[in-house]
Amino acid sequence: WFCACRTQGTTSDDPVIAYANMLQAEIALLALHLPKGVTLSRLHWGGGTPTMLAPGLIRDLAGAILNVAPLAKGAEFSVEIDPNEIDEPRLDALTAAGMNRASIGVQDFDPEVQKAVHRIQPVEQVFDLVASARKIGFESVNVDLIYGLPKQSPESFDRTLKQINALRPDRIALYAYAHLPERFKPQRRIVAAELPVASSKIAMLSRSMDALMNAGYVYVGMDHFALPEDTLAVAKRQGRLHRNFQGYTDDDCDALIGLGASAISSLPELFYQNTPDTAAYRSSLGEGRSPVVRGLKPTREDISIAQLIERVLCDFEVKLDANMKDAVYPKLAPLIQAGLVGLHGSTLTVSARGRPYS
């Protein structure tokens, strides 16, 4: 119920099969526009629950993608895994397709919190899944956590963090729950009175950061942590870190192509988005038309500002030219006064205290 993405429930496989077929139709349409010989440095299956696909659908979808653009040498293929929607045949199908990274939605291990958000998954189930992934030889296991959920407290989240440290995932994403029931229908089932107060959320964030860094994790930025030998932590140390729609990455590719209803894509001089309406998505592809419904061609100034923002988020430091410094100073002044950022000459620096809010 906590999900803040577009969701659709189903009690049968028929809509899932139909959607997988639509994805393959979009892939075929995309193939007409890709240059010959293009390969994938990164492939990510997201959307929350791609592991609800049956093994046969997993093989079909992977085949459709890789026939159009095969994985490059050293490529990463990551999949979001719901522990309740994975079994050995699915894991085998994904591994055979080339998956080498897993992203597991944990959110919280506390049984009462899990009940409150309608996401029941015992601790043992997650530990077994991670053990299986490592036995297969996955290069990385990522775990998602959310603080600010109903019935959470700083003390209960401390217990979850201890279990996460025992699990020892390679990467951890720590997100704040945003309660917007007027926008996201499933959240209307969450009891607002059970949500922690703001001071408790801040305590959870502060204690989480301390616990993870004390356990040896590198604070990559904003909401990401990684073990020192993980490629994200290495990129952070070497100044090669980037950030895109999916979060922090060491991938410097300037083309990110999204597939599926509501998917966003980014090219060097264009952002564009598919229709979020599944019926409209199906209709467009059924007629052989692109499902893209809107886009933005950024100006040179947009691109320049975006690069500055990325460096702030990745390095917590950036040099400003005179015009930019003059333009942003009025907005920076209260942040400087609050000790969140510093401006020394032309260099803007985010303080340790300001980094979680960057």
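How many bridges join β6 to strand β7, and which way do the two run, parallel or antiparallel? Keep that in mind while we get our bearings. What you're looking at is a predicted model, and the pair in question sits inside a sheet we'll walk through in a moment.

Let's start with the whole thing. The protein chain holds eleven helices and 15 strands. Its C-alpha atoms fit in a box of roughly 55 × 50 × 40 Å along the principal axes. Is that what a compact globule would give? For 358 residues, such a globule would have a radius of gyration near 21 Å, and the protein chain has 21 Å, so the two agree. Buried residues account for 42% of the 358. If you take the contacts with a separation of 6 or more, 65% of them link residues 24 or more positions apart. As for the outside, about 18700 Å² is exposed, with carbon and sulfur atoms supplying 55% of that.

Now for the sheet. It's an open one with seven strands, and if you step across it you meet them in the order β1-β2-β3-β4-β5-β7-β6, with mixed pairing. At the edges you'll find β1 (40-45) and β6 (218-221), each of which pairs on one side only. From one strand to the next, the twist averages 20°. In general, strands of a sheet pair through backbone hydrogen bonds, and they can do that either parallel or antiparallel.

That brings us back to the opening question. Strand β7 covers residues 224-226, and three bridges join β6 to it, with the two running antiparallel. To find the spot by eye, look for Val218, which stands opposite Ala226 in β7.

Next, turn to helix α3, residues 88-97. Which of its residues are buried? They are Arg90, Leu91, Ala93, Leu94 and Ala97. Look down the axis of α3 and you'll see these buried residues fall within an arc of 160°, so they line one face of the helix. Over on the other side of α3, Glu88 and Ala96 are exposed.

What sits over the buried residues of α3? The cover includes β1, α2 (55-68), β2 (71-81) and α5 (123-136). You've met two of those names already, since β1 and β2 both belong to the seven-strand sheet. So follow the chain out of the helix: just after α3 comes Gly98, which takes a positive phi of about 115°.

How values were computed
Residues numbered from 1 in each chain as written. Predicted model: local features only at pLDDT ≥ 70, side-chain atom pairs only at ≥ 80, totals over all residues. Heavy atoms only, no water. Pairing = 2+ DSSP bridges. Helix = DSSP H or I, 4+ residues; strand = E, 2+ residues; numbered from the N terminus. Axes fitted to C-alpha atoms, helices over the stretch in contact; angles between N-to-C directions. Buried < 20%, exposed > 50% of the residue type's maximum accessible area, 1.4 Å probe, protein only. Arc of directions from axis to C-beta. Contact = heavy atoms within 4.5 Å. Rg over C-alpha atoms; globule rule 2.2 N^0.38 Å. Areas by Shrake-Rupley, 256 points an atom, 1.4 Å probe, with all protein chains shown as cover.
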